[in-house]
Every structure is written in C-alpha cells, then in structure tokens.
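I sat down with this one to go through its sheet, its helices and its packing. My notes are below, in the order I looked things up.

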Amino acid sequence: MVTRRAFIDGVSAAGAATILGGAPPVFATTRAGAAVTDAEQKARDAIRAANAGMRANYAALKSDLIGRLSPVIVVQNDATGGTFTLIREGSPRESVRPVPELFELAKSISHVPQGIFSTLAAYLSDKVPHLPNAGRIDPHDLDMVAFEGPRTDGWTGPLQAYAATLTTARRQLGKAGLPPELEGSCARILDEALSFIRDSVRSRTFDMASFEEFSARTYPGIRVNMRYAAAAQISGVQGLMRRWRAAIGEEAWENLYTVVLSIWTTSELNQASIIIRRCMNPAKAATHLIDLPTVEIPRDPVFVALDNLARIVQDNVSAELVFPTDPVVADAFKGKEDLLSVEILEQMGETAGAARMASPTSRPSGCPVRKEEAPPAP
C-alpha cells in the first residue's frame, strides 16, 4: 500500500527533477510566443513547483480519505435498475441489485420505438417537415443525424432483422408471467412496431410524419409500462434502504453519503436519487446526496464514486478554512461552480444569479455575433 508520505515524496521528487533539469528540456518561450531568459524560466518553474507541491499534498489527503469514508452508498445506474453498494467502516462491502425484473422487462418493450428510430435515423430527410412539433427539432441536429438521407434504402435489411427480434418477443410475450395490464400494453407496442415495419419495408419508404404517427400510437402503452417500471424500482430501492438502515443503525444513517453515477442524460432528477433522497436525513440530503454524471460507465464505479466523494468532503472543509472571509467564493470552491466563475462574470458585466437564469440560447457578453445578428446602432 502506498502511504501518504511515500506518495508525497514520490511526487515531490518527480517535480524537483523536472525543475532542476533532470527531466524534459525547459521551453524558452512563453505561451504567447515571446522569448524568455533562463532566469525568468527558472523563476516561473519555481512558482509552478508551489502548485505541484499543493497538488501532491491534496492527492495524498484524498487517497487517505477514500479509505475512511463511511457510511457510503454507491449507485451505478443500468438497464436493470442499478447496482447498489454499501460501504461502512469495519464491514465488507455489500452490493445488491434490488429492483425487480419487471422494471427491465417493462422498459425493454418501451424502448422499441427508439430501436426503430435508431435504425432509420440516418436515412431521414435532412429537412424538417411541417409537423406539429417541427419547431422543437433543431435543423442542424437533424442534419447531423440524417447523414445518409433518403437516397438509398440501406435501412430495409437492418429493420427487417430488428423485426425478427420483435416477432420472437411478441410470440413469447404471453409466457413471461407479466401482469395482464402490462402484457396488454407490451403487446400493443409490439404490434404497432411490426405493422409500421411491414408497411415501410413493403413501400420501401418512410418519413418523419409516418414515424411520428406510429410512435404516437405506441405512447399510451409506453405510459402503462412506465408506471409499472417506476413502481418496481420504488419498491426495490425503498426495501433495500430500510434493510440497510436497520443494519447500520440510526446514528450512522444520519450521516450517510450517497453517490449516484449516471450518464449525462439521466443526471438530473435521476430515478434512484429521487427515491433515496426520501430515505436520507432531510437535513443533510442536499449536501450528502451527490449526483455524479460520468462520460461513460466506469470500469470501477465504486472507486470513481469514492474518489469524487473524497474530493467533495475535503473541499467542504477546506473551503471554509481557506476562504473564511468570503462565503461566496467558499461556496464556489466547495460546490459545482468554478472558483473563478464569480470573478469572470463580474469582469464580463454579469452576475452569477443572472448567468444561472439565462436561457440556453443567450450569448455571453463579449461573444461575437454575425453581422446580420448585430443590434442596430443607437
């Protein structure tokens, strides 16, 4: 095991080797391209060494803290409702998949229209037609997705292959032991999907209008499936939370940390976070329940969660001690905002509150505009 001191010494030695010339040669230019003297370069490297030392100490503290965090629940979302891991000091980790299989089955059939869209999307026209929701479709997004266009029928083979999969699911549906209402909604979704595929392949054509007509017919069934999936997840997660709460005791549960890992598209109002929040100490849920969007599913979700949690916990304390006279900057340091955010906004003539409330289409002050977008002269 790498100790804190060994870690610091190793990083410091590497930093010193670089500074003292034992590593890559020193560049004789600044980032702006202006030549600098050897004395200037050494002075600048000495300044950078101060930051390198800070980072080494910071990383060592984080490494020590990771092994001390307790109790922690880590949630890795997935197609089956998620894997939940409880970490508590003095006990082995426990990982559970608590959500009933009904969750996965209901969602699997609900995803069928998305499966058809994914097969056809590249062959759409890149022009937004006159549809009721046309104003909600970004033309450039559509242009990026519809990269093949309707000039070929390369979609027919993959769509027929997907139809074979759906046909098997439809034939076997009655043997899955689903509740009658859920079985009926799944049957309607599959029947509509197979009908759309059959008609499209027969005519060797489709468009956004025909797809929207099909998907609209499946939506009532999807809503039924969503209801069953949600109920399954609530019952599974709440049941597990009750069991773990009893196991670790009320005193430990009051200080529970929870880290929920998810992809960006499900990171706000995440389904697991909504359920767990109601099971946590209300006074601490705002700071101890952390939704962590990931670029992709990590190989070691628990380590990624604990590594980020350690950073958050130590920053919570560091912020108040390093910036005791400026609560705004302290909050930025221990929150999601960049430490320089307030200063940058002020220099650009904005406030943090206004920036948070700005619409997604607003343009920051100083950002160039095209000539035709420029406001008229006063």
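What follows are my entries on this predicted model.

**The sheet**

I began with the strands. I find five of them in an open sheet, ordered β3-β2-β1-β4-β5, with mixed pairing. The edges are β3 (94–96) and β5 (289–294), each of which pairs on one side only. I also looked up the twist: neighbouring strands are turned by 20° against each other on average, direction ignored.

Next I went to one edge. How many bridges join β2 and β3, and in which sense do they pair? I get three bridges in the antiparallel sense, with β2 covering residues 83–87. For Phe84, the bridge partner in β3 is Val96.

**Helices over the sheet**

Two helices went into the notebook here. I have α8 lying across β1 (72–76), β2 and β3, and running at about 10° to β2. Then there is α12 (residues 301–322), which lies across β1, β2, β4 (257–263) and β5. I noted its angle to β4 as about 120°.

**Cores**

Which residues touch the most other members of the largest nonpolar core? I wrote down Phe84, Ile116, Met241 and Trp244, out of 58 residues in that core. Phe84 is the residue I had already met as the bridge partner of Val96. Elements that each supply at least two residues to this core include β1, β2, α3 (101–110), α4 (112–120) and α10 (271–277). The largest share comes from α8, with 13 residues.

I then followed Met241 outwards. Leaving out residues up to four places away in sequence, I see Met241 touching Ile73, Phe84, Trp253, Ile276 and Cys279. Apart from the largest core lies another one of 17 residues, and I listed Leu69, Val302, Ala310 and Val313 among them.

**Two threonines**

I picked out Thr218, which sits in helix α8 (residues 208–248). Is Thr218 buried or exposed? I have it as buried, because its relative accessible area is 2%, and the cut-off for buried is under 20%. Beyond neighbours within four places in sequence, Thr218 is in contact with Pro113, Ile189 and Glu192.

Thr258 was my other stop, and I place it in strand β4. Thr258 is also buried, with a relative accessible area of 0%. What does Thr258 touch, not counting residues up to four places away in sequence? My list is Ile73, Val75, Ile276, Met280, His288, Leu289 and Ile290. I checked the spacing to His288 too: the two residues are 30 apart in sequence and 6.2 Å apart in space, C-alpha to C-alpha. Ile73 and Ile276 had already come up as contacts of Met241.

**Aromatics**

I count six aromatic pairs in the structure. I looked at Trp155 and Phe206, where the ring centres are 5.0 Å apart and the planes stand at 80°, so I call the pair edge-to-face. The two sit 51 residues apart, and the pair links distant parts of the chain. I find Trp155 in the loop between α5 (139–145) and α6 (156–172), and Phe206 in the loop between α7 (180–203) and α8. Both residues are buried.

I also have a cluster, in which ring pairs link Phe117, Phe196, Phe211 and Phe214.

**Backbone oddities**

A reminder to myself: most residues other than glycine have a negative phi, and most peptide bonds are trans. With that in mind, I noted that the peptide bond from Ser70 to Pro71 is cis, with omega near -15°. Pro71 is in the loop between α2 (38–66) and β1.

Arg204 is the other entry here, with a positive phi of about 55° although it is not a glycine. Where is Arg204? I find Arg204 in the loop between α7 and α8. I have Arg204 down as partly exposed, because its relative accessibility is 46%.

**Cysteines**

My last check was for disulfides, and the count comes to zero. The cut-off is a pair of cysteine sulfur atoms within 2.5 Å. Of the cysteines I looked up Cys186, which counts as buried at 1% relative accessibility. I did likewise for Cys279, which counts as buried at 13%. Cys279 is one of the residues that Met241 touches.

Terms used
Residues are numbered from 1 along each chain as its sequence is written. This is a predicted model: local features need pLDDT of at least 70, side-chain atom pairs count only at pLDDT 80 or more; totals for chains, interfaces and linings use all residues. Side-chain values use heavy atoms; hydrogens and water are left out. Helices (H or I, at least four residues) and strands (E, at least two) are DSSP runs, numbered from the N terminus. Buried means under 20% relative accessible area, exposed over 50%, partly exposed in between (1.4 Å probe, protein chains only). Contact means heavy atoms within 4.5 Å. Two strands pair if DSSP finds at least two bridges between them. Axes are lines fitted to C-alpha atoms, for helices over the stretch in contact, and angles run from 0 to 180 degrees between N-to-C directions. Rings of Phe, Tyr and Trp (its six-membered ring) pair if their centres lie within 6.5 Å; planes under 30 degrees apart count as stacked, over 60 as edge-to-face and the rest as tilted. A nonpolar core is a set of buried Ala, Val, Leu, Ile, Met, Phe, Trp, Tyr and Cys residues joined through side-chain atoms within 4.5 Å.
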